[in-house]
Amino acid sequence: MSLDLAVIGGGINGATTALFCQRCGMRVGLIERDGLSRGASGVNAGTLTLQMTRVALMPYALKAHEMWATTRDWLGHDVGVVLCEGLSLAFTEAEEDILADRAQKRAAAGAPIRLVSPQQAKAIEPGLGDGVRLAAHATLDGFANAYLTGLAYRAALVDAGVALHEHTLVTGVTPTGAGYDIHTVSGVIAAKRVVLAGGVWLQPMAAWLGVDLPIKVLTNQLAVTERAPPMMRTVLGIASGLLSLKQYSHGTVVIGGGWQGVGDREANTHHVDPDSLIGNVRLAQYAVPALGQTRLVRAWTGFEAETADALPVAGAIPGHQDAYAIGSVHSGYTSGPYIARLLADHILGRVPALPLFPMDRLIEPAAAKGERHGRERQPLSL
């Protein structure tokens with residue numbers, strides 16, 4: 001029996017799309033090369049922040065924040081969401097300028113963010129170091145437990161009746177005229193519609209359908225401390241984006257901020273870069289000096305995908321009826337559930353409440369690409 005929809009990729013984007021389509025009457029299969037939400041959706045810091053959200057995504061992030069805060073209602077399971085305040089810090093004059101500009105633009109887009117003095121920042125977060133020159137205060141921030149998120153989604157998908165194909169590598173997708181054949185290591189799965197939701201693998205996935213979609217691959221690095229006494233009650237970051245700090249109720253502190261490890265998408269391998277880890281930890285200790293009294297327990301890396309404009313792919317795949325793609329957005333964990341819900345509405349024939357993000361804007365026309373490559377091949381005149 002052919003599926004109504006096959007979703008390839010079991011992260012936040014793919015799982016949410018599959019869940020809402022199944023609940024609205026479609027027969028949905030979800031195919032994932034590993035376990036559900038064990039890729040970027042499972043190894044990230046779980047930050048739900050408006051401070052690092054692109055201005056164009058603010059309406060989506062605000063709606064997604066509501067979804068994260070009510071996961072028990074629509075997902076049916078707890079993902080350890082903590083809603084709290086957030087601070088983005090500036091330690092240099094250049095960071096002050098960046099922070100002031102971005103805070104103003106995000107506030108104008110609806111984010112509850114305001115600039116505060118160093119003294120006000122320390123009143124909000126007493127554990128801050130003395131190097132703060134300016135801060136942006138968000139009254140709405142938070143974080144989730146990325147590991148619990150995958151478990152919760154799996155339970156919700158099973159409850160809804162989605163056919164799960166975990167640890168199943170897809171090797172290609174072929175249009176059939178009546179839909180699509182999804183070729184896997186375990187055989188062929190037929191579906192009337194297909195969604196590509198593979199994160200950093202969205203580029204090779206799109207190539208199955210003859211679409212050249214450039215995707216930037218980041219190898220983000222994170223670390224976690226041992227359990228420690230309370231030292232922060234907010235989500236902390238800095239204007240440059242190179243720091244993310246949060247302390248869980250049991251005392252551990254997750255340290256992130258996009259410091260890069262070493263990764264290879266084609267080989268699906270990634271590992272920690274010691275120098276990068278040291279730089280991240282030093283910056284964290286500068287922001288919160290008490291971190292110097294704790295020990296690191298573990299550090300890890302994971303891939304993150306990003307488009308050229310750092311906005312999502314979410315919509316139809318050009319030239320292919322009933323084929324869609326979603327994902328590859330900077331800091332996509334925050335806004336992911338809502339954007340995926342919008343895509344589900346589109347697939348179901350409804351008008352999404354907010355516009356989607358078609359990939360057409362990212363695809364260079366073949367003629368232009370040929371001309372550019374031709375120019376690049378010309379020898380220089382000396």
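The following paragraphs lead through the aromatic ring pairs of this structure and the arginine residues that lie over aromatic rings. The model is a predicted one, and it holds eight aromatic pairs, two of which are described here in detail. A pair of aromatic rings is described by the distance of the centres and the angle of the planes.

In the pair formed by Y60 and F357, the ring centres are 5.0 Å apart and the planes meet at 55 degrees, which does not exceed the 60 degrees needed for edge-to-face, so the pair counts as tilted. This contact joins distant parts of the chain, since Y60 belongs to helix 3 (residues 58-69) while F357 sits in the loop between helix 10 (332-347) and helix 11 (366-377), 297 residues apart. Y60 has a relative accessible area of 6% and is therefore buried, and F357, with a relative accessible area of 11%, is buried as well.

The rings of W74 and Y153 have centres 6.3 Å apart and planes at 65 degrees, and because that angle is over 60 degrees the pair is edge-to-face. Here too distant parts of the chain are linked, with W74 in helix 4 (residues 71-74) and Y153 in helix 7 (residues 146-160), 79 residues apart. W74 is buried at 11% relative accessibility, and Y153 is buried at 1%.

W74 and Y153 also belong to a cluster, in which ring pairs link them with F20. The ring of F20 has a further neighbour, for R23 lies over its face at 5.9 Å from the ring centre. In another such arrangement, R298 lies over the face of W300, at 4.2 Å from the ring centre.

Technical notes
Residues numbered from 1 in each chain as written. Predicted model: local features only at pLDDT ≥ 70, side-chain atom pairs only at ≥ 80, totals over all residues. Heavy atoms only, no water. Phe/Tyr/Trp six-rings, centres within 6.5 Å; stacked < 30°, edge-to-face > 60°. Helix = DSSP H or I, 4+ residues; strand = E, 2+ residues; numbered from the N terminus. Buried < 20%, exposed > 50% of the residue type's maximum accessible area, 1.4 Å probe, protein only. Lys NZ or Arg CZ within 6 Å of the ring centre and 35° of its normal.
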